[in-house]
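Work through the following exercises with the sequence and the coordinates open beside you. Each task is followed by a solution that goes step by step.

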Amino acid sequence: MCLFDGLLFDLDGTLWDSVDAICISWRRVLERRAPELAGLMTRENVTSCMGMLLPDIVKKVLPDLPPEQLQPVLAELLAEENSYVAAHGGVLYPQVPETLALLAQSYPLCIVSNCQDGYIEAFFQAHGLGQYFTDYENPGRTGKAKADNIALVAARNGMKRPLYIGDTQGDYEAATAAGVPFLHAAYGFGAIDHEVPFVRSFAGIPAAVAQLSPP
């Protein structure tokens with residue numbers, strides 16, 4: 001059997017749930033900059049945006065933010081978020097460390113997320129999981145869309161047969177656009193609009209990867 005030669009992971013909704021940390025950190029900024037909007041930072045509002053690009057999240061969650069304030073407030077929100085996440089972390093899905101340790105014995109692991117620069121590093125700092133990943137990328141660093149970053153990381157690491165694992169329709173579409181097979185993390189935030197391979201827990205990934213491995 002010819003196995004996949006790399007596994008690429010989404011972050012939010014796939015490896016962890018950081019929604020509460022995002023709400024707390026963004027609320028802190030808004031209480032300073034636009035206190036009338038701080039109450040909009042609820043788990044429900046943020047969860048509905050997971051997988052979107054950050055400027056689009058701000059526009060959706062904070063539609064009444066004056067356009068001229070968007071960029072400076074966004075910069076402050078993301079800096080506060082990175083700092084808070086690095087110090088406090090998020091909620092790892094069950095058995096993430098053990099499953100990553102197992103997968104890393106057979107595959108190079110990478111993260112490709114629609115996040116800001118510094119967010120993946122904050123995840124590593126908070127939970128000590130950087131040892132399992134050989135590479136990572138995000139639009140905050142490259143300015144590229146997720147599909148382009150998937151292709152970039154695959155090429156950078158010499159992967160010819162990678163698998164992308166994510167939880168949202170946008171993850172599926174990005175993987176498909178990059179020509180990479182997709183495994184749905186159905187325990188995460190999103191749903192896929194048609195039938196795709198899926199797992200209901202992070203611990204189910206090794207078996208699913210083995211089953212999907214190309215002949």
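A residue counts as buried when its relative accessible area is under 20%, as exposed when that area is over 50%, and as partly exposed in between. The structure shown is a predicted model.

**Exercise 1.** Determine whether asparagine 149 is buried or exposed, and describe its surroundings.

*Solution.* Begin with the location: asparagine 149 belongs to helix H8, which spans residues 146-156. Next, take the relative accessibility, which is 0% for asparagine 149, so that this residue is classed as buried. Then list the neighbours, leaving aside residues up to four places away in sequence: asparagine 149 touches Val112, Glu137, Asn138, Pro139, Thr142 and Lys144. Finally, look at the side chain, which makes a polar contact of 2.8 Å with the side chain of threonine 142.

**Exercise 2.** Work out the strand order of the open sheet, identify which strands stand at its edges, and place H8 relative to the sheet.

*Solution.* The open sheet is formed by six strands with parallel pairing, and their order reads S5-S4-S1-S6-S7-S8. At the edges stand strand S5 (135-137) and strand S8 (198-199); each has a single partner strand, and therefore one side of each has no neighbour in the sheet. H8 packs on this sheet, where it touches strand S1 (6-9), strand S4 (109-112), S5 and strand S6 (162-166), and the direction of H8 makes about 160 degrees with that of S5. For the pairing at the S8 edge, note that strand S7 (residues 182-185) runs parallel to S8 and is joined to it by two bridges. Within this pair, histidine 184 has phenylalanine 198 of S8 as its bridge partner.

**Exercise 3.** Classify the packing of H8 against helix H9.

*Solution.* Two packed helices are described by the angle between their axes and by the distance between those axes. For H8 and helix H9 (residues 169-177), the angle is about 50 degrees and the axes lie 8 Å apart. An angle that is neither under 35 degrees, nor over 145, nor from 65 to 115 counts as oblique, and H8 and H9 are therefore oblique to each other. The crossing of H8 past H9 is right-handed. The contact involves Lys146, Ala147 and Ile150 on the H8 side, and Asp171, Ala174, Ala175 and Ala177 on the H9 side.

**Exercise 4.** Examine the backbone and the exposure of glutamine 95.

*Solution.* Most residues other than glycine have a negative phi. Glutamine 95, by contrast, has a positive phi, near 65 degrees, and sits in the loop between strand S3 (91-92) and helix H5 (96-104). Its relative accessible area is 46%, so glutamine 95 is partly exposed.

How values were computed
Residues numbered from 1 in each chain as written. Predicted model: local features only at pLDDT ≥ 70, side-chain atom pairs only at ≥ 80, totals over all residues. Heavy atoms only, no water. Helix = DSSP H or I, 4+ residues; strand = E, 2+ residues; numbered from the N terminus. Buried < 20%, exposed > 50% of the residue type's maximum accessible area, 1.4 Å probe, protein only. Polar contact = N/O pair within 3.5 Å; in protein donor to acceptor, adjacent residues only side chain to side chain. Contact = heavy atoms within 4.5 Å. Pairing = 2+ DSSP bridges. Axes fitted to C-alpha atoms, helices over the stretch in contact; angles between N-to-C directions. Left-handed = near helix turned anticlockwise from the far one by under 90°.
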